[in-house]
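This report covers the empty spaces in one protein model and the way some of its helices pack. The sequence and structure come first.

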Amino acid sequence: MLSTIADYTRLTKDMGKSLTQVATQPDVSRDTDYFLRHIGNVKTIDDFLKDYRLYSYAMKAYGLSDMTYAKAFMRKVLTEGIASKDTFANKLTDTRYRQFAAAFNFAALGDKATQATSATTGTATEYVTQTMEEKAGDQNEGLRLALYFTRKASTVTTAYQILADKALTQVVQTALGLPATISSADIDAQAKMIADKIDLTDFQDPAKVTKFVQRFAAMWDSTQAQSDTSTNPALVLIAGASTSASMDTDMLSKLQNIRFNR
């Protein structure tokens, strides 16, 4: 039986312990040790981008691994900083770039940027958290999404920020019972739909975030269970399988019709 919420509860009940278990794993410990020993020696943006091991560690820490190749793009993010609303990072809908520029604030701190706590232990903590989520996803992608959403929810202030982040989008679409195909619709129409169904200020309340994650987990597990039953020929032959599938469908229908309580 799928149990995303059970695994989620187990990990988040003592997050400190969960993070420590990941941080002490040999590969994570080795990469973190290298980062902490060398990041302080970086004095310029060029130095940072040239040391692939440091740079890729930092990019992973802030969930930007898929943009590691885009050095010109990231150079612009770092060069302009975040002091003005007109800077490149502040104009991007995805808040991860602002978080990265704030952590490595060369624009404001110059050669002292990599000595700030945000650039050292702060980044290491982010890296361990990202790694924990990825490892959770190896066993249950729904668990990874739930953990990620919990961590990022308080930073969301507009529906467009959700739509700019694939993981957040998947969580919200699943929780609201929206098909993935809706992503092909006009972006403004998608944003309006989300804003109409969710009071985004609720994401500032940890209790309401947990409730939303529970809703997501129930929808995720129900959908996955239904998919496994319908695609496995052996299960179709088992007596009662059709009844079970019908029950899953009924549950999914009920969940889809529930409006997220504000």
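## Pocket, cavities and helix packing

The largest pocket holds about 450 Å³ of space. Its lining is made up of 19 residues, and the closest to the pocket centre are Gly 63, Asp 66, Arg 96, Asp 165 and Ala 167. Four elements, α8 (96-103), α10, α11 and α13 (166-176), give two or more residues to this lining. Sorted by class, the residues of the pocket lining are 6 nonpolar, 4 polar and 9 charged. The model is a predicted one, and the values below are computed from it.

### Closed spaces

How many cavities of 30 Å³ or more does a search of the whole structure find? The search finds 2. The table sets them side by side.

| Cavity | Volume | Nonpolar lining residues | Polar lining residues | Charged lining residues |
|---|---|---|---|---|
| Largest cavity | about 60 Å³ | 3 residues | 4 residues | 4 residues |
| Second largest cavity | about 40 Å³ | 5 residues | 2 residues | no residues |

The largest cavity is lined by Thr 93, Asp 94, Thr 95, Arg 96, Tyr 148, Lys 152, Thr 155, Val 156, Gln 161, Asp 165 and Leu 168. Two of these names have come up already: Arg 96 and Asp 165 line the largest cavity and are also listed among the residues closest to the centre of the largest pocket.

Around the second largest cavity stand Leu 163, Gln 173, Leu 178, Ile 182, Gln 190, Met 193 and Ile 194. Helix α14 (residues 187-197) gives the most to that lining, namely 3 residues. The lining of the second largest cavity has no charged residues, whereas that of the largest cavity has 4.

### Helix α11 and its partners

The axes of α11 and α13 come within 10 Å of each other and cross at roughly 105°. At that angle α11 is therefore roughly perpendicular to α13. On the α11 side the contact uses Leu 145, Tyr 148, Phe 149 and Lys 152, and on the α13 side Ala 167, Leu 168, Gln 170, Val 171 and Val 172. By class, this contact has 7 nonpolar, 1 polar and 1 charged residues. Tyr 148, Lys 152 and Leu 168 take part in the contact and also line the largest cavity.

Helix α11 (residues 141-152) also packs with helix α1 (residues 4-13), their axes coming within 9 Å and crossing at roughly 50°. The angle makes α1 oblique to α11. The crossing of these two helices is right-handed. Helix α1 brings Thr 4, Asp 7, Tyr 8, Leu 11 and Thr 12 to the contact, and α11 brings Gly 142, Leu 143, Ala 146, Leu 147 and Thr 150. The classes in the contact of α1 with α11 are 5 nonpolar, 4 polar and 1 charged.

### Helices α5 and α10

Is α5 roughly parallel or roughly perpendicular to α10? Helix α5 (residues 52-61) and helix α10 (residues 121-139) pack at an angle of about 65°, with their axes 7 Å apart. The two helices are therefore roughly perpendicular to each other. Helix α5 passes α10 in a left-handed crossing. From α5, the residues in contact are Tyr 57, Ala 58, Lys 60 and Ala 61; they meet Thr 123, Ala 124, Glu 126, Tyr 127, Gln 130, Thr 131 and Glu 134 of α10. Split by class, the contact of α5 with α10 has 5 nonpolar, 3 polar and 3 charged residues. Helix α10 is also one of the elements that give two or more residues to the lining of the largest pocket.

How values were computed:
Residues numbered from 1 in each chain as written. Predicted model: local features only at pLDDT ≥ 70, side-chain atom pairs only at ≥ 80, totals over all residues. Heavy atoms only, no water. 1 Å grid on protein atoms, 1.4 Å probe; cavity = no way out; pocket = protein on both sides within 12 Å on 5 of 7 lines; lining within 4 Å. Points joined across faces, edges and corners; volume = space filled by probe spheres on them. Nonpolar A, V, L, I, M, F, W, Y, C, P; charged D, E, K, R; others polar. Axes fitted to C-alpha atoms, helices over the stretch in contact; angles between N-to-C directions. Parallel < 35°, antiparallel > 145°, perpendicular 65-115°, else oblique. Left-handed = near helix turned anticlockwise from the far one by under 90°. Contact = heavy atoms within 4.5 Å.
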